[in-house]
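Biologist: Before we discuss this protein, may I see its sequence and its structure together?

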Amino acid sequence: MAKIVGIDFKDVGKVYWFNPGGLSLKVGYLVVVETVRGLELGRVIESEREVNDQDLERELKDVIRIANNKDIKNDLDNSERAKLAMPRIKDIIKEHQLDMKTVGCEFTLDGSKLLIYYNAEGRVDFRELVRDLAGEFKVRIELRQIGQREGAKMIGGVGCCGREVCCKTHIREFDLVTMKMAKDQGMALSSSKITGICGKLMCCIS
């Protein structure tokens, strides 16, 4: 049996599983973990439990520590840095005349890497862009292409129902949504009636 604890990194974000590493963790605790992106501050949203070893898709990483005041301050400072960085990132992308839309950005907890999330219809050659961004911000740069649904989730907005979009309020992971689902419910099949702000079929149809 393996001990696991559920952690997310954004409000209503996907749940990731980690080994509590001998720490006594409760729901709501802020913790520091290492991910493929680097050191990150996460929140415990599912308490510790045991699962069979064979049910694990891969070996779990340990929770490094319960976040201290310095970690929390660094995270807040990084959020402000990211807000200030966005306009300059967009300017540099515009200078390179690249067909991509910047959705958001964030710094890793230690401030050593800047991750930039973008939408694009196809592949983008951003080698020169990365060089210029690294020169501007003096950190490692990582560009990550995300889908339209993920982009809408990051930005947020109001759906045709007049309420905040579901992906921002309670949907942690996207399920398959099909035209057949809309037909079975007798919905009008015009695009304006069944597509969300992301341009894809509305999640609530499922």
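The questions and answers below proceed from the whole chain to single residues.

Biologist: On what basis are the values given?

Modeller: This is a predicted model, in which local features need pLDDT of at least 70 and side-chain atom pairs count only at pLDDT 80 or more, while totals for chains, interfaces and linings use all residues. Residues are numbered from 1 along each chain as its sequence is written, and side-chain values use heavy atoms, with hydrogens and water left out.

Biologist: In which pattern do the helices and strands follow one another along the sequence?

Modeller: Helices (H or I, at least four residues) and strands (E, at least two) are DSSP runs, numbered from the N terminus. The chain contains six helices and eight strands. Read along the sequence, their pattern is β-β-β-β-β-α-β-β-α-β-α-α-α-α.

Biologist: What percentage of the residues in the chain is buried?

Modeller: A residue is buried under 20% relative accessible area, exposed over 50% and partly exposed in between (1.4 Å probe, protein chains only). The chain has 206 residues, and the buried share of them is 38%.

Biologist: Which strands pair with strand 1?

Modeller: Two strands pair if DSSP finds at least two bridges between them. Strand 1 (residues 2-8) has six of its seven residues buried. It is joined by three antiparallel bridges to strand 2 (residues 16-18), where Val-5 stands opposite Phe-18. Six bridges, also antiparallel, join strand 1 to strand 4 (residues 38-51), and there Ile-4 has as its bridge partner Arg-49.

Biologist: Which element supplies the largest share of the largest nonpolar core?

Modeller: A nonpolar core is a set of buried Ala, Val, Leu, Ile, Met, Phe, Trp, Tyr and Cys residues joined through side-chain atoms within 4.5 Å. The largest one has 20 residues, and those with the most contacts inside it include Ile-89, Leu-114 and Leu-143. At least two residues of this core come from each of helix 1 (69-95), strand 6, strand 7, helix 2 (127-137) and strand 8 (140-145). The largest share, six residues, is that of helix 1.

Biologist: How many residues does the other core have?

Modeller: This second core lies apart from the largest one, and among its members are Ile-7, Phe-18, Leu-25 and Val-63. Its residues number nine.

Biologist: What covers the buried residues of helix 3?

Modeller: In helix 3 (residues 148-155), the buried residues are Arg-149, Gly-151, Ala-152 and Lys-153. Just after this helix, Gly-156 takes a positive phi of about 80°. Judged by contact (heavy atoms within 4.5 Å), the cover includes strand 6 (101-107), strand 7 (113-119) and helix 4 (166-169).

Biologist: Is Val-12 buried or exposed?

Modeller: Val-12 lies in the loop between strand 1 and strand 2. Its phi is near 55°, a positive value in a residue other than glycine. Because its relative accessibility is 14%, Val-12 counts as buried.

Biologist: Is Lys-138 buried or exposed?

Modeller: Lys-138 is placed in the loop between helix 2 and strand 8. Its phi, near 60°, is a positive value in a residue other than glycine. With a relative accessible area of 68%, Lys-138 is exposed.
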